[in-house]
Amino acid sequence: MFNVPIPGGTTAHAVGAVLIAVLLGPWAAVVCVSVALVIQALFFGDGGVLALGANTFNMALVMPFVGYGVYLLLTRNTSLTSRRRAIAAGLGGYVGLNVAALCAATELGLQPVLFHSANGTPLYAPYHLSTTIPAMALAHLTVAGFSEFVLTAGIVAYLQRANLPLLRINHSGIVDTDAELAPQSGRPALRWALIGIATMICSLAARAARARRCLRRGFAHRSQPAQVRLHAIPSGLQHYNGFWKHTLLGDYGFSSGRHANIGYVLSAIVGALAVGAVIFFFVGGRPVSDAATAGSPGDAA
């Protein structure tokens, strides 16, 4: 719900998919984030019903698995209370979010090439990769990525001090403290992982900066169709306009637009209750302590 406006007409927000993957495993993150996205689309019109497949792929599949992979790579030979584990979780969230954003930018940027009328007018999203990738990269390399890093690393660091059994659910067989570690080094893996992350950040930032320079000089519009300056909904999207009219609190508020603050808070309460109801339906009121002792993540899978 907490979308932060970004210059260029886009917004950014933290997702939490990698945090769930760290705590409960990546497949649990797939289920949890998918449930949240379905409720957002159906109840609040956020993300949209027709875009649900793409949103689920980006945020509920790509993000948790990529971020969790980074986390595992950076936490080799570390204890459960190691400071590096919290930082690795934050970096996993940062990388996972940016890869998911890159997927979204690619999906949007390919649409003018794949779907257009006979005269070249885009039927759906009107902007090419030269515009979509910088717009998404700038927002997520900075504001959104930083938010995701702080959210993920902060919660893991808190749980290391306050609720280690919760971390233990997805970390069976890992010692609690550094004093219990076997004398081996994970530095080479850490070094190469950080080099890879830095390379990704630099390449995306360079691409975004180059595109922004082109936009300022007016060159970027050469790769855009002349009809990109749209004054109405593209014809392809107009066909699906109003496809889903059953939102309970559209755009997190009342249909009248009045009492926006009350509508926003009410949306948060309704969304939380809906997610809780779905979780209770699947879990059946099973205590967390039972899940924690049910076995290793591999057994659960």
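Helices and strands are DSSP runs, numbered from the N terminus; helices have at least four residues and strands at least two. By this assignment, histidine 259 lies in the loop between α9 and α10. The model is predicted.

The protein contains 12 helices and 2 strands. Along the sequence, the order is β-β-α-α-α-α-α-α-α-α-α-α-α-α. The two strands thus precede the helices in that pattern. The protein has 301 residues, and buried residues account for 36% of them.

Helix α3 covers residues 52–74 and has 23 residues. From first C-alpha to last, α3 reaches 32 Å. The span expected at 1.5 Å a residue is 33 Å, and the helix comes close to that value. Even so, α3 is bent. The bend is about 35° and falls at valine 62. A proline, proline 64, follows within four residues. Both Val62 and Pro64 are buried. Other buried residues of α3 include Asn55, Asn58, Met59, Ala60 and Met63. Towards the end of the helix, Gly67, Tyr68, Val70, Tyr71 and Leu74 are buried as well.

Asparagine 77 lies in the loop between α3 and α4, the latter spanning residues 83–109. Its phi is positive, about 60°, although asparagine 77 is not a glycine. Most residues other than glycine have a negative phi. Asparagine 77 is partly exposed, with a relative accessible area of 24%. A positive phi also occurs at histidine 259, where the value is near 50°. Histidine 259, too, is a residue other than glycine.

Aromatic contacts come next. The structure holds 6 aromatic pairs. One is formed by phenylalanine 43 and phenylalanine 44. Their ring centres are 6.2 Å apart, and the planes make an angle of 80°. The pair counts as edge-to-face because its plane angle is over 60 degrees. The two residues differ in exposure. Phenylalanine 43 is partly exposed, at a relative accessible area of 30%. Phenylalanine 44 is buried, at 3%, because the cut-off for burial is under 20%. Phe43 and Phe44 also belong to one aromatic cluster with Tyr252 and Tyr264.

Tyrosine 252 can be placed relative to isoleucine 262. The two are 10 residues apart in sequence, and their C-alpha atoms are 9.7 Å apart in space. Isoleucine 262 sits in helix α10. Isoleucine 262 is exposed, with 52% relative accessibility.

Isoleucine 262 also contributes to a nonpolar surface patch of about 550 Å². Phe254, Val265, Leu266, Ile269 and Leu273 make up the patch together with Ile262. Phenylalanine 254 is in the loop between α9 (235–239) and α10 (260–283). This phenylalanine is partly exposed, at a relative accessible area of 32%. Phenylalanine 254 can belong to the patch because patch residues need over 30% relative accessible area. The loop that holds phenylalanine 254 also holds histidine 259.

A further position lies in helix α6, which spans residues 129–162. Phenylalanine 149 is found in this helix. Phenylalanine 149 is partly exposed, with a relative accessible area of 26%. Alanine 14 is 135 residues away along the chain. The C-alpha atoms of phenylalanine 149 and alanine 14 are nevertheless separated by 8.8 Å.

How values were computed
Residues numbered from 1 in each chain as written. Predicted model: local features only at pLDDT ≥ 70, side-chain atom pairs only at ≥ 80, totals over all residues. Heavy atoms only, no water. Expected span 1.5 Å × (residues − 1). Bend = angle between axes of the 7 residues up to and from the residue. Buried < 20%, exposed > 50% of the residue type's maximum accessible area, 1.4 Å probe, protein only. Phe/Tyr/Trp six-rings, centres within 6.5 Å; stacked < 30°, edge-to-face > 60°. Patch = residues over 30% accessible without salt bridge, like charges linked within 9 Å, V, L, I, M, F, W, Y side chains within 5 Å. Areas by Shrake-Rupley, 256 points an atom, 1.4 Å probe, with all protein chains shown as cover. Salt bridge = Lys/Arg side-chain N within 4 Å of Asp/Glu carboxyl O.
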